[in-house]
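This report describes the packing of aromatic rings, the pairing of strands and the nonpolar cores of one protein chain. The sequence and the model come first, and the description follows.

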Amino acid sequence: MEAEPRVGEQYKAGILPAQAIAALVESGGISTRRALDDDQIQPASLDLRLGRTAWRIRASFLPGAGNTVKDRLSELVLHKLDLSDGAVLETGGVYLVPLFERLRLPIDVAASTNPKSSTGRLDVFTRVIADGARAFDAIPMGYAGPLYLEIAPRTFPILVRTGSRLSQVRFRRGVARLSDLELLNLQQEQRLVDSDAPDVAGGGIALGVDLAGAAWNGILGFRAKKHTGVVDVDKRAALDVEDFWEPIRARGHSSLVLDPDAFYILASREAVQVPPEHAAEMVPFDPLVGEFRVHYAGFFDPGFGHPAAGGSGARAVLEVRSREVPFILEHGQTVGRLVYERMAARPDHLYGEALGSNYQGQGLKLSKHFRPFA
């Protein structure tokens, strides 16, 4: 009988750190068709890699209880793409790609997934699907089976290839989210956000939008252009900002009218930090407060913006999209909540410059694919 995968009894309830993820790989809880990349295990997550084939499908779907993803493909596939030498995924299309990584989770470990930061900043909508799934990006305790990534470029066509990393997975044992009281205490001890009167609810701290622009030479943010060239997701600092983005400059007032269906990169008013014993996640904005949303949730690793990892606070970059009507966004208006969870143990490495992390100490920053903007 095959041995049960293990992460070690030394880990308490919480988000599994890098060394526990490595233990899952070693014990067969995570298997892969080729060796892991050297930097694939992050402080509190694992990057997921695209396999060799992509299918363009008619529509997004969930397999539902008792069904596999392959059960549904025959009725949905339009055509097949070989990713071995790279392929362009067009805007408006929906694609499904089997991932190299496969899971055989311990009975007390669940997982959740999110786009990588650079993926969200390109307005590429990704969601992980598991066999039998009734929800996207949620993998139940004890799941054993393959993983697939749904990819839907919204603004820019993208060039991807076998091994490209667009999404990431976190592993969770037991209850990890902090209560409001625990979060308030941690805010007092660590100053998670630089606010003297933080808005705490549902285990999350509210973040407002910065529309003053003083910290970025009068630039409030960037609006994505339409009908651009292709973004190669594996090339860093290869593209000129102004070929893809329109800078939005301050004009003496601190508001911004969001155009319907336009995509914006903005920044939080507050600087943020994540202590080494915690992880954080940006959760979707409450749609009852306005006709827009922070478009992508996102993981914040232990050490993000924290002095222990060479940080001194960092802004949260916000990927914002309006809905069907124009909407006026005001400086400081709440645009999302940062939820904090405890780690099962302190990671053996933190998010920061020592890892070559792209966004430590960030202000208003586009994805790593673009050259610095003056």
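**Aromatic cluster**

In this predicted model, ring pairs join Phe156, Phe244, Trp245, Phe263 and Phe370 into a cluster. The structure holds 7 aromatic pairs. Two pairs that involve phenylalanine 370 are set out below.

| Ring pair | Centre to centre | Angle between planes | Geometry |
|---|---|---|---|
| Phenylalanine 244 and phenylalanine 370 | 5.5 Å | 65° | edge-to-face |
| Tryptophan 245 and phenylalanine 370 | 6.2 Å | 80° | edge-to-face |

Which parts of the chain does the pair of phenylalanine 244 and phenylalanine 370 tie together? Phenylalanine 244 belongs to the loop between β17 (231-232) and β18 (245-249), while phenylalanine 370 is in the segment after β26 (334-342). The two parts are 126 residues apart in sequence, so this pair is a link between them. The pair of tryptophan 245 and phenylalanine 370 also links distant parts of the chain, with tryptophan 245 in strand β18 and phenylalanine 370 in the segment after β26, 125 residues apart.

Are these rings buried or exposed? Phenylalanine 244 and phenylalanine 370 are both buried. The relative accessible area of phenylalanine 370 is 7%, and because buried means under 20%, phenylalanine 370 falls in that class. Tryptophan 245 has 0% relative accessibility and counts as buried too.

**Nonpolar cores**

Tryptophan 245 also appears in the largest nonpolar core, which has 56 residues. Tryptophan 245 is listed there with Leu50, Leu147, Ile151 and Phe171 as the residues with the most contacts inside this core. Why does the core lie between domain 1 (14-173) and domain 2 (180-342)? Both domains give residues to the core, so its place is between them. A second core, separate from this one, has 34 residues, including Val209, Ile248, Ala316 and Val320. As general background, nonpolar side chains tend to be buried together in soluble globular proteins.

**Strand β11 and its partners**

Strand β11 covers residues 144-153, and 9 of its 10 residues are buried. Strand β7 (residues 94-104) runs antiparallel to β11, and 7 bridges join the two. Within the β11 strand, tyrosine 148 stands opposite proline 98. Strand β9 (residues 124-130) also pairs with β11 in the antiparallel sense, again over 7 bridges. Here valine 128 stands opposite leucine 149 of β11.

A contact of another kind involves arginine 127, whose charged end sits over the ring of phenylalanine 136, at 3.5 Å from the ring centre.

**The open sheet**

Another sheet is open and has 3 strands in the order β6-β12-β17, with mixed pairing. β6 (87-89) and β17 are its edge strands; each has a single partner strand, so one side of each is left without a neighbour in the sheet. Strand β12 (residues 158-160) runs parallel to β17, and 2 bridges join them. Isoleucine 158 has valine 231 of β17 as its bridge partner.

**Annotated region**

An unreviewed UniProt entry places the feature "domain: 2'-deoxycytidine 5'-triphosphate deaminase N-terminal" at residues 13-174. Over these residues the chain is 12% helix and 44% strand. The C-alpha atoms at the two ends of residues 13-174 are 5 Å apart.

Key. Residues numbered from 1 in each chain as written. Predicted model: local features only at pLDDT ≥ 70, side-chain atom pairs only at ≥ 80, totals over all residues. Heavy atoms only, no water. Phe/Tyr/Trp six-rings, centres within 6.5 Å; stacked < 30°, edge-to-face > 60°. Helix = DSSP H or I, 4+ residues; strand = E, 2+ residues; numbered from the N terminus. Buried < 20%, exposed > 50% of the residue type's maximum accessible area, 1.4 Å probe, protein only. Lys NZ or Arg CZ within 6 Å of the ring centre and 35° of its normal. Pairing = 2+ DSSP bridges. UniProt positions renumbered as here; feature names shortened; annotations may be inferred. Core = buried A, V, L, I, M, F, W, Y, C linked by side-chain atoms within 4.5 Å. Domains from an automatic or database assignment.
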